[in-house]
Amino acid sequence: MRLSAQGIGWQVHGHRLLDDISLETVPGENLGLIGPNGSGKTTLLRILAGLQKPHTGHVWLGEQSMYRMRQRDIARTVALVEQQAMASDRISVHQAVSLGRTPYLSPLRGWSDQDEAIVSRALHDVGIEHLKSRLWHTLSGGEGQRVQIARALAQQPGLLLLDEPTNHLDIRHQLSILKLVSALPITVVIALHDLNQAMDCDRIGVMEDGRLVDIGPPEDVLTPYRLHQTFGVHADMLDDPQHQRRYMRFRQIV
Ligand SMILES: Nc1ncnc2c1ncn2[C@@H]1O[C@H](COP(=O)(O)OP(=O)(O)OP(=O)(O)O)[C@@H](O)[C@H]1O
């Protein structure tokens, strides 16, 4: 699924939080979104998911304007995993993940074996089958985050938007979620704070003060200049020939 955004602007009380953002995803790519705290990543993701309408600009899903689509059709196309989406409802994990199937249900199209299979697969893929009978609100932060990701997978979107999906996860689950996400045959836009994890994305967009200041392949974007300019840190680039990979080690600017 191709998503394009043109001239996106958003402001609150005259303060510009997003300023003229244009981007287009490549179908099937993993696009990382990085930027300091408060640079506008969450606000942009919510607009790309159709939860907020921008004050200026436009979003298209494929050839269709998002603002001419029914909410149900948007939900069949785009899933968003938010950062702070903790549960308060007294429902089980299985029920929570089943909510991902809501856009496909109607009075004429009830719950089917296929829906059940999709939910089971999503529970399996994020490794929470053993939690399926637990009450959602009793889960730890990391377990709850995996439920949110399973719910989004059950939605079977063509475009998956993830807002710092690993921030509550232990290192093993961080790696397994990132591996799962990168193997999905769909377009993924993922906000990340860990810049070494962002290096594994196909492309990276850099947010700074509500503007998208760069977008491109990780090696072109994550330069010492960019890290200094946007994040205010020095970075040493370390090559790992065994895994043919580059890592960054960060130092404060003194
Ligand atoms: N409804 C709102 N009213 C006022 N300010 C807001 C509102 N929503 C967001 N902001 C501000 O907009 C800026 C961008 O916020 P946003 O959450 O999009 O940033 P972010 O890049 O996701 O940050 P973080 O990395 O800390 O999650 C912040 O300064 C935030 O305080």
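Tutor: Before we start, one definition is needed: a residue counts as buried if 20 or more other C-beta atoms lie within 10 Å of its own, as exposed if 12 or fewer do, and as partly exposed in between. Keep in mind, too, that this is a predicted model.

Student: Which residues of β3 point one way from the strand, and which the other way?

Tutor: In a regular strand the side chains alternate between the two faces of the sheet. In β3, 5 of the 5 residues are buried, so burial, with its cut-off of 20 or more C-beta neighbours, does not set one face of this strand apart from the other. The residues pointing one way are N30, G32 and I34, and those pointing the other way are L31 and L33.

Student: What is the order of the strands in the open sheet that holds β3?

Tutor: The sheet has 6 strands with mixed pairing, and its edge strands, each pairing on one side only, are β6 (78-81) and β10 (211-216). Neighbouring strands are turned by 15° against each other on average, with direction ignored. Read from one edge to the other, the order is β6-β7-β8-β3-β9-β10.

Student: Which residues are the bridge partners of L31 in β8 and of G32 in β9?

Tutor: On one side, β3 pairs with β8 in the parallel sense over 4 bridges, and there L31 is matched with V189. The pairing of β3 with β9 is likewise parallel and also has 4 bridges, with G32 matched to a residue of β9. The two partners are therefore V189 for L31 and I204 for G32.

Student: At the edge strand β6, which residue of β7 is the bridge partner of A79?

Tutor: Strand β6 runs parallel to β7 (residues 159-163), and 4 bridges join the two. Within this pairing, the partner of A79 is L160.

Student: Which strands does helix α1 touch, and what angle does its direction make with that of β7?

Tutor: Helix α1 (residues 41-48) packs on the sheet, where it touches β3 (30-34), β6, β7, β8 (187-191) and β9 (203-208). The angle is taken between N-to-C directions on a scale from 0 to 180 degrees, and for α1 and β7 it is about 155°.

Student: Is α1 mostly covered or hardly covered, and which of its residues are buried?

Tutor: Helix α1 is mostly covered, with 6 of its 8 residues buried. Just after the helix, G50 takes a positive phi of about 85°. The buried residues of α1 are K41, T43, L44, L45, I47 and L48.

Student: Which element gives the largest share of the shell around the ligand?

Tutor: The residues around the ligand are V12, L17, G35, N37, G38, S39, G40, K41, T42 and T43. By class, this shell has 2 nonpolar, 7 polar and 1 charged residues. The largest share, 3 residues, comes from α1.

Student: How many residues of domain 1 are in contact with domain 2, and how do they divide by class?

Tutor: The protein chain is divided into domain 1 (3-222) and domain 2 (223-254), and 27 Å separate their centres, taken over C-alpha atoms. On the side of domain 1 that touches domain 2, the elements giving two or more residues are α7 (195-198), β9 and β10. In the contact, 8 residues of domain 2 meet 11 residues of domain 1, and the residues on the domain 1 side divide into 7 nonpolar, 2 polar and 2 charged.

Student: Is D209, with its positive phi, exposed or partly exposed?

Tutor: Most residues other than glycine have a negative phi, whereas D209 has a positive phi of about 50° although it is not a glycine. This residue lies in the loop between β9 and β10. Because D209 has 15 other C-beta atoms within 10 Å, it counts as partly exposed.

Student: Where does Q244 lie, and why does it count as exposed?

Tutor: Q244 lies in the loop between β11 (233-240) and β12 (245-252), strands that pair in the antiparallel sense over 8 bridges, with Y247 of β12 as the bridge partner of L238. In this hairpin, which has 4 residues between the strands, Q244 takes a positive phi near 45°, and β11 itself is hardly covered, the count of buried residues among its 8 residues being 0. Q244 counts as exposed because its number of C-beta neighbours inside 10 Å is 7.

Note on methods: Residues numbered from 1 in each chain as written. Predicted model: local features only at pLDDT ≥ 70, side-chain atom pairs only at ≥ 80, totals over all residues. Contact = placed C-beta atoms within 7 Å. Near = placed C-beta within 6 Å. Nonpolar A, V, L, I, M, F, W, Y, C, P; charged D, E, K, R; others polar. Domains from an automatic or database assignment.
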